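Biologist: I'm new to this one. Could you walk me through it and tell me how you back up the words you use?

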Amino acid sequence: MMSHTFDHGDPLPAGWTFLDPNAETAAWARFVDKFGELRPGLHADNWPAIVEPTPSVTFDLRPDANKAPTMWAAHFDAVNAEAARCLLEVANPPELVVLDWQHPGYRLDLAAHTTAYDATWRVPVYPNGDYYTFALPDFSEGTFGHPWEQSLCVFGPRLVDTLAVTLSTWLPRLRVNGHPV
(Lines give C-alpha, C1' and ligand atoms only; values in the text may rest on other atoms or scores of the structure.)
Protein backbone atom coordinates (compact mmCIF):
# COMPACT_ATOMS: atom_id res chain seq x y z
CA MET A 1 0.00 0.00 0.00
CA MET A 2 1.25 3.48 -0.81
CA SER A 3 2.32 5.05 2.44
CA HIS A 4 0.80 8.21 3.80
CA THR A 5 1.67 10.26 6.83
CA PHE A 6 -0.19 12.04 9.56
CA ASP A 7 1.02 15.19 11.28
CA HIS A 8 2.81 13.93 14.35
CA GLY A 9 5.55 16.52 14.08
CA ASP A 10 7.25 14.56 11.30
CA PRO A 11 9.16 16.49 8.65
CA LEU A 12 7.14 17.23 5.54
CA PRO A 13 7.51 14.72 2.70
CA ALA A 14 9.20 15.70 -0.55
CA GLY A 15 7.24 18.32 -2.47
CA TRP A 16 5.07 19.44 0.48
CA THR A 17 5.32 22.88 2.11
CA PHE A 18 2.91 24.59 4.49
CA LEU A 19 0.89 27.46 3.11
CA ASP A 20 1.67 30.68 4.91
CA PRO A 21 -1.36 32.18 6.72
CA ASN A 22 -2.13 34.71 3.95
CA ALA A 23 -1.93 32.07 1.22
CA GLU A 24 -4.12 29.71 3.25
CA THR A 25 -6.75 32.41 3.82
CA ALA A 26 -6.72 33.20 0.09
CA ALA A 27 -7.03 29.50 -0.81
CA TRP A 28 -10.06 29.04 1.48
CA ALA A 29 -11.63 32.17 -0.07
CA ARG A 30 -11.18 30.63 -3.56
CA PHE A 31 -12.67 27.37 -2.18
CA VAL A 32 -15.78 29.25 -0.95
CA ASP A 33 -16.06 31.09 -4.28
CA LYS A 34 -15.98 27.76 -6.13
CA PHE A 35 -18.07 25.52 -3.82
CA GLY A 36 -19.86 27.73 -1.31
CA GLU A 37 -19.29 27.31 2.42
CA LEU A 38 -18.18 23.84 3.48
CA ARG A 39 -21.09 22.05 5.17
CA PRO A 40 -19.40 19.33 7.23
CA GLY A 41 -21.60 16.58 8.55
CA LEU A 42 -21.71 12.93 9.50
CA HIS A 43 -25.23 12.31 8.22
CA ALA A 44 -26.59 11.98 4.70
CA ASP A 45 -28.97 14.92 5.11
CA ASN A 46 -25.84 17.15 5.14
CA TRP A 47 -24.39 15.68 1.92
CA PRO A 48 -22.88 16.70 -0.36
CA ALA A 49 -20.77 19.05 1.76
CA ILE A 50 -20.15 21.44 -1.13
CA VAL A 51 -22.01 22.78 -4.14
CA GLU A 52 -20.55 20.43 -6.74
CA PRO A 53 -19.60 22.43 -9.83
CA THR A 54 -20.17 21.81 -13.51
CA PRO A 55 -18.38 19.85 -14.81
CA SER A 56 -17.85 17.31 -12.03
CA VAL A 57 -18.29 13.63 -11.27
CA THR A 58 -18.59 12.33 -7.71
CA PHE A 59 -17.60 8.74 -6.97
CA ASP A 60 -18.70 6.31 -4.29
CA LEU A 61 -15.66 5.10 -2.31
CA ARG A 62 -17.55 2.94 0.19
CA PRO A 63 -16.00 -0.51 0.56
CA ASP A 64 -17.92 -3.34 -1.05
CA ALA A 65 -18.86 -5.81 1.70
CA ASN A 66 -18.60 -8.64 -0.84
CA LYS A 67 -14.91 -7.97 -1.50
CA ALA A 68 -11.88 -8.70 0.66
CA PRO A 69 -10.57 -5.87 2.88
CA THR A 70 -7.43 -5.86 0.77
CA MET A 71 -9.51 -4.41 -2.05
CA TRP A 72 -9.97 -1.23 0.02
CA ALA A 73 -6.19 -0.88 0.28
CA ALA A 74 -5.87 -1.38 -3.47
CA HIS A 75 -8.57 1.25 -4.12
CA PHE A 76 -6.81 3.69 -1.76
CA ASP A 77 -3.53 3.32 -3.63
CA ALA A 78 -5.13 3.38 -7.08
CA VAL A 79 -7.15 6.55 -6.45
CA ASN A 80 -4.09 8.39 -5.12
CA ALA A 81 -1.84 7.20 -7.95
CA GLU A 82 -4.36 7.91 -10.71
CA ALA A 83 -5.15 11.34 -9.29
CA ALA A 84 -1.44 12.17 -9.22
CA ARG A 85 -1.03 10.98 -12.82
CA CYS A 86 -3.97 13.00 -14.12
CA LEU A 87 -3.15 16.11 -12.07
CA LEU A 88 0.38 16.04 -13.49
CA GLU A 89 -1.15 16.12 -16.98
CA VAL A 90 -3.20 19.27 -16.27
CA ALA A 91 -1.01 21.22 -13.82
CA ASN A 92 1.59 23.43 -15.47
CA PRO A 93 3.61 24.07 -13.37
CA PRO A 94 2.83 20.94 -11.34
CA GLU A 95 1.85 22.88 -8.20
CA LEU A 96 -1.32 22.26 -6.24
CA VAL A 97 -3.07 23.74 -3.27
CA VAL A 98 -4.03 21.08 -0.72
CA LEU A 99 -6.63 21.99 1.88
CA ASP A 100 -7.19 19.77 4.88
CA TRP A 101 -10.22 20.99 6.83
CA GLN A 102 -9.33 22.18 10.35
CA HIS A 103 -5.62 21.50 9.71
CA PRO A 104 -2.83 23.39 7.97
CA GLY A 105 -2.97 23.75 4.21
CA TYR A 106 -0.14 22.87 1.85
CA ARG A 107 1.47 23.74 -1.42
CA LEU A 108 2.30 20.54 -3.22
CA ASP A 109 4.95 20.34 -5.91
CA LEU A 110 3.52 17.21 -7.48
CA ALA A 111 6.57 16.58 -9.65
CA ALA A 112 8.87 16.55 -6.60
CA HIS A 113 6.39 14.38 -4.71
CA THR A 114 5.96 11.75 -7.41
CA THR A 115 9.65 11.48 -8.23
CA ALA A 116 10.81 11.17 -4.61
CA TYR A 117 12.00 7.78 -3.48
CA ASP A 118 9.27 6.16 -1.35
CA ALA A 119 7.07 9.27 -1.53
CA THR A 120 4.50 9.66 1.22
CA TRP A 121 1.25 11.60 1.15
CA ARG A 122 0.97 14.16 3.94
CA VAL A 123 -2.75 13.89 3.27
CA PRO A 124 -4.09 11.61 0.53
CA VAL A 125 -6.48 12.40 -2.30
CA TYR A 126 -8.58 9.48 -1.03
CA PRO A 127 -10.40 10.91 2.02
CA ASN A 128 -9.43 8.82 5.02
CA GLY A 129 -10.63 10.88 7.93
CA ASP A 130 -11.09 14.49 6.89
CA TYR A 131 -12.23 16.72 4.03
CA TYR A 132 -9.35 17.00 1.55
CA THR A 133 -9.16 19.29 -1.47
CA PHE A 134 -6.43 19.00 -4.11
CA ALA A 135 -6.71 21.82 -6.64
CA LEU A 136 -4.86 23.93 -9.12
CA PRO A 137 -4.15 27.32 -7.50
CA ASP A 138 -7.14 28.90 -9.30
CA PHE A 139 -9.44 25.99 -8.29
CA SER A 140 -10.38 25.33 -11.93
CA GLU A 141 -9.46 21.63 -11.65
CA GLY A 142 -9.11 19.27 -8.72
CA THR A 143 -10.71 16.88 -6.27
CA PHE A 144 -12.76 17.16 -3.10
CA GLY A 145 -12.86 14.17 -0.76
CA HIS A 146 -15.68 13.65 1.75
CA PRO A 147 -14.69 11.25 4.57
CA TRP A 148 -18.17 10.48 5.93
CA GLU A 149 -20.04 10.14 2.66
CA GLN A 150 -16.95 8.28 1.47
CA SER A 151 -16.94 10.07 -1.84
CA LEU A 152 -14.56 11.85 -4.17
CA CYS A 153 -15.69 14.74 -6.37
CA VAL A 154 -13.53 15.25 -9.47
CA PHE A 155 -14.05 18.72 -10.97
CA GLY A 156 -12.86 20.73 -13.94
CA PRO A 157 -13.12 19.90 -17.64
CA ARG A 158 -9.69 18.30 -18.07
CA LEU A 159 -9.92 16.15 -14.94
CA VAL A 160 -13.45 15.09 -15.80
CA ASP A 161 -12.10 14.01 -19.21
CA THR A 162 -9.17 12.09 -17.67
CA LEU A 163 -9.42 11.15 -13.98
CA ALA A 164 -13.21 10.80 -13.96
CA VAL A 165 -13.09 8.61 -17.06
CA THR A 166 -10.56 6.20 -15.57
CA LEU A 167 -12.22 6.09 -12.13
CA SER A 168 -15.56 5.40 -13.86
CA THR A 169 -14.20 2.09 -15.08
CA TRP A 170 -14.20 0.64 -11.56
CA LEU A 171 -15.91 3.03 -9.11
CA PRO A 172 -19.67 3.70 -8.96
CA ARG A 173 -20.75 7.26 -9.74
CA LEU A 174 -22.94 9.03 -7.20
CA ARG A 175 -23.48 12.35 -8.96
CA VAL A 176 -22.67 14.16 -12.20
CA ASN A 177 -22.57 17.97 -12.04
CA GLY A 178 -24.10 17.72 -8.58
CA HIS A 179 -27.12 15.66 -9.71
CA PRO A 180 -27.71 12.02 -8.63
CA VAL A 181 -27.17 9.39 -11.32
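## Strand E6 and its surroundings

Modeller: Let's start with E6 and E7: they run antiparallel and are joined by five bridges. Keep in mind that this is a predicted model.

Biologist: What makes E6 and E7 a pair?

Modeller: Pairing takes at least two bridges, and E6 and E7 have five, so they count as paired. One bridge links Thr143 with Val154 in E7. The hairpin of E6 and E7 has four residues between the strands, and Gln150 there takes a positive phi near 60°.

Biologist: How do you know that E5 and E6 pair?

Modeller: By that cut-off of at least two bridges again: strand E5 (residues 132-135) and strand E6 (residues 142-146) share four, in the antiparallel sense, so they pair. In E6, Tyr132 has Gly145 as its bridge partner, while Thr133 stands opposite Phe144.

Biologist: Why is E6 called mostly covered?

Modeller: Buried means under 20% relative accessible area, and five of the five residues of E6 are buried, so the label fits. Gly142, Phe144 and His146 point one way, Thr143 and Gly145 the other. In a regular strand, side chains alternate between the two faces of the sheet.

Biologist: And why is Asp64 called partly exposed?

Modeller: Its relative accessible area is 37%. Partly exposed lies between the 20% and 50% cut-offs, so Asp64 falls in that class. You'll find Asp64 in the loop between strand E2 (56-60) and helix H2 (69-90).

Technical notes: Residues numbered from 1 in each chain as written. Predicted model: local features only at pLDDT ≥ 70, side-chain atom pairs only at ≥ 80, totals over all residues. Heavy atoms only, no water. Helix = DSSP H or I, 4+ residues; strand = E, 2+ residues; numbered from the N terminus. Buried < 20%, exposed > 50% of the residue type's maximum accessible area, 1.4 Å probe, protein only.
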